Amino acid sequence: MRTIGRFAPSPTGPLHFGSLVAAVASWLDARAAGGEWHLRIEDVDTTRTVPGAEATILRQLESLGLTWDGLVVRQSERTARYDEALEHLASARLAYRCRCSRKEIADSALRGIDGVVYPGTCRDAHVPDQEAAAVRFRVSAGRVAVQDRAQGDIAQDLPRDLGDFVVKRRDGLHAYQLAVVVDDADLGVTDVVRGADLLDSTPRQAALQRALGLPTPRYLHVPVATRNGEKLSKQTLAPAIEASRAMEALRNALVFLGQEPSAGGTVRALLCDAAARWDPNRIPRHRAMEAPPAP
Ligand SMILES: [Zn+2]
């Protein structure tokens, strides 16, 4: 089966070292296998989209030599597909409308891996369509285990660790967990390579894949880049990757991923060599690691 990988940045700002690591790892993993690499803009939460950020990301990827296949996919243009998936879940009685306020849920005493465990208040409430409500996925009993190529097995007991989780928000926006599962299946993604901050989301996504009759891709979660222990992000003022320092940035990303960069005089040569030598077994088995000093 042909390898299909993807990189899925959110258009909330320019690429920084943390997002570059995920881009490089997924690009190399796909190219080393002679496969395709797709670019998806994760703008399902349109309230977070920063105007101009997508164009900047595309320019940065070009200057870094990280070429993609096919057209750029945008989640904001795919809401009809997410609604189809929701209908599928609803018809299988695996989704229901929830009218609970944030406060009502916060009052639940149980805490799980991602905040408060939803206590299932609305499971049998049959909240009418006219009423503003979120849509939740009904998780089933038992553990969901997913193998990760770098981090080992991850298993969760979704009812205990999380409870029924939101697949469509009360404000009408589809939840990331649903969108990513539908998108990866529609692209035919065989290998998801991304930052380990999403490791804890993976069993949720695997549960949705099963419920929707979709295949579960292979997963490879790479360490998240941190500065003073905090994940690099726009909030921590991580500097944007500059085109003039593309070589240095790529070399730093390769070293961060445990690979040995060649002398390669151009970004193309450097990436070509890196793909030929790509060894996922050398990726550090950590969820997070300090980034090198900014150039
Ligand atoms: Zn509820």
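This is a short tour of a predicted model, stop by stop, with what to select and what you will find there.

**Stop 1: the three-stranded sheet**

Start by selecting residues 4-7, which make up strand β1, and 73-74, which make up β3. Together with β2 they form an open sheet in the order β1-β2-β3, with parallel pairing. β1 and β3 are the edge strands, and each of them pairs on one side only. Strands of a sheet pair through backbone hydrogen bonds, either parallel or antiparallel, so switching on the backbone atoms is a good way to look at this stop.

Now add residues 36-41, strand β2, which pairs with β1 in the parallel sense over four bridges. For a single landmark in this pairing, pick Arg6 and look across to His38 in β2, which stands opposite.

Next, which helix packs on this sheet and touches β1, β2 and β3? Select residues 53-63: this is helix α2, and its direction makes about 160° with that of β2. Then select residues 176-187 to bring up helix α6, which lies across β1, β2 and β3 and runs at about 145° to β2.

Before leaving, show the side chains of β1. In a regular strand the side chains alternate between the two faces of the sheet. In β1, Ile4 and Arg6 are on one side, while Gly5 and Phe7 are on the other. Are these four residues buried or exposed? All of them are buried, so both faces of β1 are covered.

**Stop 2: the zinc site**

Centre the view on the zinc ion. Which residues coordinate it? The donors are the SG atoms of Cys98, Cys100 and Cys122 and the OH atom of Tyr118, at 2.1 to 2.3 Å. Along the chain, these donors follow the spacing C-x1-C-x17-Y-x3-C. The four donor atoms make angles of 99 to 122°, and the site is tetrahedral. For reference while you check angles, the ideal value for four tetrahedral donors is 109.5 degrees.

Colour the site by accessibility and you will find Tyr118 buried, with a relative accessible area of 4%. Cys122 is also buried, at 4% relative accessibility, and Cys100 counts as buried at 12%. For a contrast, jump to Cys272, a cysteine that counts as exposed because its relative accessibility of 52% is over the 50% cut-off. If you are looking for disulfides, the structure holds zero of them.

**Stop 3: Asp161**

Select residues 158-161 to show helix α5, which contains Asp161. Asp161 counts as buried because its relative accessibility, 10%, is under the 20% cut-off. What surrounds this residue, leaving aside its neighbours within four places in sequence? Asp161 is in contact with Gly112, Ile113, Asp114, Val117 and Gln156. To step towards the next stop, draw a distance from the C-alpha of Asp161 to that of Val193: the two residues are 32 apart in sequence and 24 Å apart in space.

**Stop 4: β11, β12 and the loop with Leu199**

Select residues 191-195 for β11 and residues 218-222 for β12. These two strands pair in the parallel sense over five bridges. One bridge to pick out joins Val192 to its partner Tyr219 in β12. How enclosed is β12? Four of its five residues are buried, so the strand is largely enclosed by the rest of the structure.

Now move to Leu199, in the loop between β11 and α7. Leu199 is buried, with a relative accessible area of 3%. Beyond its neighbours within four places in sequence, Leu199 is in contact with Asp148, Gln151, Ile154, His221 and Arg287. A distance line from Leu199 to Tyr219, 20 residues along the chain, shows their C-alpha atoms separated by 9.0 Å.

**Stop 5: helix α7**

Finish with residues 202-211, helix α7. Nine of its ten residues are buried, so α7 is largely enclosed by the rest of the structure. To see which ones, select Thr202, Pro203, Arg204, Gln205, Ala206, Ala207, Leu208, Gln209 and Ala211. The last residue to click is Gly213, which follows α7 and has a positive phi, near 70°.

How values were computed:
Residues are numbered from 1 along each chain as its sequence is written. This is a predicted model: local features need pLDDT of at least 70, side-chain atom pairs count only at pLDDT 80 or more; totals for chains, interfaces and linings use all residues. Side-chain values use heavy atoms; hydrogens and water are left out. Two strands pair if DSSP finds at least two bridges between them. Contact means heavy atoms within 4.5 Å. Axes are lines fitted to C-alpha atoms, for helices over the stretch in contact, and angles run from 0 to 180 degrees between N-to-C directions. Donors are N, O and S atoms within 2.8 Å of the metal (3.2 Å for Na, K and Ca); water is not among the atoms, so sites may look incomplete. Four donors count as tetrahedral if all angles lie between 85 and 135 degrees; four count as square planar and six as octahedral if opposite donors are over 155 degrees apart and all others between 65 and 115; anything else is irregular. Buried means under 20% relative accessible area, exposed over 50%, partly exposed in between (1.4 Å probe, protein chains only). A disulfide is a pair of cysteine sulfur atoms within 2.5 Å.
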